[in-house]
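Subject: Handing over a structure

Dear colleague,

I am passing on to you the structure below, and I would ask you to look at it before reading my notes on what was found.

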Amino acid sequence: MDAIQEKLKIIAPATGERLGEIPATSVNEVDSFYHRSKTAFKQWSNLTMSERGKYLLRLKDIIVEQMEDIAKTIAADTGKVVTEALVADIMPTLDSIDHIIKHGEKILQRQRVKTPLLLIGKKSFIEYMPRGVVLVISPWNYPFQLAMVPMLSALASGYAVILKPSEVTPLVGKCMEGLFAEAGFPMGVVQVAHGGKEVGEAFTNGKPDYIFFTGSVRTGKIIQQVASKHLIPTTLELGGKDPMIVFADAHLERAAKGAVWAAFTNSGQVCMSAERLYVEKSIYPKFLSLLKKEILNLKQGNNEDDDVGSMTFPAQIEILRDQLEDALSKGARLETGLMPEKWNNGMFLPLIVVTNVNHDMKLIQEESFGPILPVIPFESEDEVISLANDTVYGLNASVWSNDPVKARRVSSRLVSGAVVINDAIISIAHHGLPFGGAKQSGIGRYHGDAGLRIFCHEKAIVEDIGRKKSEIHWYPYQGKYPLFLQLFKSYFQANRNWIIFSKIYLRILKKN
Ligand code: ADP
């Protein structure tokens, strides 16, 4: 590590104010981190779920108590408005604790499974066993929620956790570290490694037992390559280019308000934000004017009553500029906002609606992660489904219609980890539902039952009472082959013949 990387500078994106520095974790500390985690895992995994739950509840109380300070810290570090920090970072984290406490024990306890008749006399179970240490690598857009929820799920499952939060939002990383310390988690159960890509790389190479990564497709692929060298299981939560489909029979005012929120919340820096808006041709002009009207009502800034905050990561602005310039050069039309050369309000970007766009443009094919909403008219259900699916991503989608049969039919045909009907994004706030992507949006799921079980290795247990001297499939085989033929024919034929089956079974048994 060079001298510059030893400290992470904290600059508030909305104001440019320097908020301080945080010492970065040295890559030389990787081994000692893992050593502490492995030692802590032994004790932590031995606790019962309800004992681990007590620590989670203590953490929850502390978060509730400090809710306002945490929201302000998130807002300062990201540039998002404080309301979004509260609603979209803190609330889902608290709710995930409630969900884990309420359902965790049942989800992770030994499950009894029906035993097939051919294994007569035995009992079958599935057990969920934590593997050891999970490395959580988290991003900057929802720096609290997207670190906390996987951490809490892994902790509940019995893992020790090392978190590597995004270097873009180090203040939130530090804040989370402090919260776990205050909650009194046993030494080494939760450790936070601060730093950038190099620190992430070093910890990925440190051979954790599981990697939970949220971030870009590019980095996800790198992490998957490293993980594959050591066969480390991973969950990858990556990007999205989510379609929003508005049919003519939708509640148009609601859909327009929904579109504006889904496109511009968190300044569009959301993997599940509406990044492509498809509007049925017959209502296209009307819908466009409703959209514009809604946008006029929005206030940008970083005060309590503002709606849209600033961008978080400066490099993101250049990506947006490039995508928009490409679209404009190919004939796209700006309906709201400013041309890229007029973007001069620091980290605050104009709220942009673009029309006359097509699927050959970067703006439609690449993730934007910013306040840009391209709008495309469509004529038929088949056409819009094929347009919506014409992407390498598949994270979330929304369908807006007053016809539930049509909306469900369309949802079922979208290649997407989640679909929301007549609303957008909010499936992530439901901890009972699995969350994750299709195609390049990721591998694996969390939230829901899967969110606790993914971390564990699933162990199949078959139990025999052990009183019989032998089993029919054991040695000796002499004389059994023709009997097995008859046994399996009687068992698997269209009309199972129980009488023959039982007779043959007993004859095989006698051969033992
Ligand atoms: P984003 O565009 O959201 O910043 P990244 O994928 O670059 O997405 O970063 C997400 C997280 O991954 C951050 O915590 C970052 O430090 C970390 N990271 C970036 N590159 C690597 C890498 N090669 N190995 C491990 N972690 C990395």
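The model is a predicted one, and I begin with a single residue, F287, which, once its neighbours within four places in sequence are left aside, is in contact with V246, L252, A255, A256, L277 and V279. F287 belongs to the largest nonpolar core, a set of 89 residues in which F287 is, together with L59, F144, F185, V246, L277 and L291, among those that touch the most other members. Helix α5, which covers residues 145-156, gives this core its largest share, namely 9 residues. Because domain 1 (7-238 + 449-459) and domain 2 (242-430) both give residues to this core, it lies between them. There is also a second, separate core, made up of 31 residues, and I317, L320, M347 and A407 are included in it.

The other feature to report is the largest pocket, whose volume is about 1,100 Å³. Its lining consists of 39 residues, and those that lie nearest the centre of the pocket are W140, G215, S216, R218 and T219. Two or more lining residues are given by each of α7 (197-204), β8 (210-214), α8 (217-229) and α11 (314-329), with α8 supplying the largest share, 6 residues. By character, the lining divides into 16 nonpolar, 13 polar and 10 charged residues. The largest pocket, too, lies between domain 1 and domain 2, because both of these domains give residues to its lining.

With best wishes

Definitions and conventions. Residues are numbered from 1 along each chain as its sequence is written. This is a predicted model: local features need pLDDT of at least 70, side-chain atom pairs count only at pLDDT 80 or more; totals for chains, interfaces and linings use all residues. Side-chain values use heavy atoms; hydrogens and water are left out. On a 1 Å grid over the protein atoms alone, a cavity is a set of points where a 1.4 Å probe fits but cannot get out, and a pocket is an open set with protein on both sides within 12 Å along at least five of seven lines; lining residues have an atom within 4 Å of a point. Grid points are joined across faces, edges and corners, and a volume is the space filled by probe spheres set on the points. Helices (H or I, at least four residues) and strands (E, at least two) are DSSP runs, numbered from the N terminus. Ala, Val, Leu, Ile, Met, Phe, Trp, Tyr, Cys and Pro count as nonpolar, Asp, Glu, Lys and Arg as charged, and the others, Gly among them, as polar. Domain bounds come from an automatic or database domain assignment. A nonpolar core is a set of buried Ala, Val, Leu, Ile, Met, Phe, Trp, Tyr and Cys residues joined through side-chain atoms within 4.5 Å. Buried means under 20% relative accessible area, exposed over 50%, partly exposed in between (1.4 Å probe, protein chains only). Contact means heavy atoms within 4.5 Å.
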